[in-house]
Amino acid sequence: MKLRSMAFGYIVFLAMWPTQQGNAADQSHPAADDGRIRVQLVSRDEVELSSEIAGKIATLPFRDGDAFHVGQTLVSLDCALYDAQLHKAQAESEAAQELLQADTKLAQFHSVGELEVAQARGKAKGSAAEVAYMQATVHNCVISAPFSGRVVKRTTAPDQFVEAGKPLLTIVDTGHLELKMIVPSKWLTWMKPGRPLTVQVDEVGKTYDARVARIGARVDPVTQTVDVTAALVGDVPELLPGMSGWATFAKP
């Protein structure tokens, strides 16, 4: 009787097992029963800005959430010391060039040897390199916006001294948003770049048009899903990275 009971339980387990596996597989797909797919809005570019040189912050005009345009100054450092070093390097470079010209003329009359001319030429090249280095350093005193967007987080303040490489601002491009989604791999039979879709964004309660931009390079063998990226059509200034919603594709 005991063996029969155990065998019966084993048969029941085998009968239930495929159904349980099927349910787990269904849950791995982020598609709703009506064919919609959960999506998240992400920015094409998000950058953590840092300084390439050490210095005291002179201006930091934007705060968290502020909008800015490409080319605007996001951070400027007090570069009085670096400017002075640049002027010194320029003066030394001019003197080195004049010495080289003088030695070159004297060499024509055999008043100086080739060694002196070579030394003067080397000094002129070294001085020119120092000027270029200081010009690059002064240029790094100002950090301009690489794109239009908004400030996510400001981690420093004006008059604060920062070391090279210290994070100053995190900025995000809010003008070029993408939609990230995970779809069943069997959809690859009809899912192609350029395919239109509509997206209902939860936070604003509106629906927007979009098109498939890219399809992932591989299929997840466990969940049988693939990553898909779509691009919104038109200008959508009210949308922000991190928003989410549902994507709907026309039936193939």
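Among contacts in the chain between residues at least 6 apart in sequence, what percentage join residues at least 24 apart? The answer is 73%. The legends below describe a predicted model.

**Figure 1. Overview of the chain in the predicted model.**
The chain has 252 residues, and 31% of them count as buried. Three helices and 14 strands are assigned along the chain. The exposed area comes to about 15600 Å², with carbon and sulfur atoms supplying 56% of it. Salt bridges in the structure number three, and each has its own view below.

**Figure 2. The largest pocket and its lining.**
The volume of this pocket is about 230 Å³. Its lining is made up of 15 residues. Nearest the centre of the pocket lie Thr174, Gly175, His176, Asp235 and Val236. Two elements, strand S10 (177-184) and strand S13 (225-232), give two or more residues to the lining. Sorted by class, the lining residues are seven nonpolar, five polar and three charged.

**Figure 3. The salt bridge between aspartate 202 and arginine 38.**
The side chains of these two residues meet at 2.6 Å, N to O. The pair links distant parts of the chain, with the two positions 164 residues apart in sequence numbering. Aspartate 202 sits in the loop between strand S11 (196-201) and strand S12 (206-215), while arginine 38 belongs to strand S1 (residues 37-43). Aspartate 202 has a relative accessibility of 39% and so counts as partly exposed. Arginine 38 is also partly exposed, at 32% relative accessible area.

**Figure 4. The salt bridge between aspartate 45 and arginine 44.**
Here the side chains meet at 3.7 Å, N to O. Aspartate 45 has a relative accessible area of 30%, which makes the residue partly exposed. Arginine 44 is partly exposed as well, with a value of 46%.

**Figure 5. The salt bridge between glutamate 178 and arginine 214.**
The N to O distance in this bridge is 3.2 Å. Glutamate 178 is in strand S10 and arginine 214 in strand S12, so the pair, 36 residues apart, links distant parts of the chain. Is glutamate 178 buried or exposed? Glutamate 178 is buried, because its relative accessible area is 13% and buried means under 20%. Its partner arginine 214 counts as partly exposed, at 40% relative accessibility.

**Figure 6. Glutamate 130 in helix H3 and its distance to serine 93.**
Helix H3 covers residues 114-139, and glutamate 130 lies within that helix. Which residue is 37 residues from glutamate 130 in sequence and 8.2 Å away in space, C-alpha to C-alpha? That residue is serine 93. Glutamate 130 itself is partly exposed, with a relative accessible area of 37%.

**Figure 7. Threonine 170 in strand S9 and its contacts.**
Strand S9 is made of residues 167-172, and threonine 170 is found in this strand. With a relative accessible area of 15%, threonine 170 is buried, because the limit for that class is under 20%. Which residues is threonine 170 in contact with, leaving aside its neighbours within four places in sequence? They are Glu46, Val47, Glu48, Arg150, Val151, Val152 and Lys153.

**Figure 8. Aspartate 159, a residue with a positive phi.**
The phi of aspartate 159 is about 75 degrees, a positive value, although the residue is not a glycine. Aspartate 159 lies in the loop between strand S7 (149-154) and strand S8 (161-162). The residue counts as exposed because its relative accessibility is 57% and exposed means over 50%.

**Figure 9. Glutamine 224, another non-glycine residue with a positive phi.**
Where in the chain is glutamine 224 found? Glutamine 224 is in the loop between S12 and S13. Its phi is about 55 degrees. At 39% relative accessibility, glutamine 224 counts as partly exposed.

Definitions and conventions. Residues are numbered from 1 along each chain as its sequence is written. This is a predicted model: local features need pLDDT of at least 70, side-chain atom pairs count only at pLDDT 80 or more; totals for chains, interfaces and linings use all residues. Side-chain values use heavy atoms; hydrogens and water are left out. On a 1 Å grid over the protein atoms alone, a cavity is a set of points where a 1.4 Å probe fits but cannot get out, and a pocket is an open set with protein on both sides within 12 Å along at least five of seven lines; lining residues have an atom within 4 Å of a point. Grid points are joined across faces, edges and corners, and a volume is the space filled by probe spheres set on the points. Helices (H or I, at least four residues) and strands (E, at least two) are DSSP runs, numbered from the N terminus. Ala, Val, Leu, Ile, Met, Phe, Trp, Tyr, Cys and Pro count as nonpolar, Asp, Glu, Lys and Arg as charged, and the others, Gly among them, as polar. Buried means under 20% relative accessible area, exposed over 50%, partly exposed in between (1.4 Å probe, protein chains only). Contact means heavy atoms within 4.5 Å. Accessible areas come from the Shrake-Rupley method with a 1.4 Å probe; for residues, only the protein chains shown count as cover. A salt bridge is a side-chain nitrogen of Lys or Arg within 4 Å of a carboxyl oxygen of Asp or Glu.
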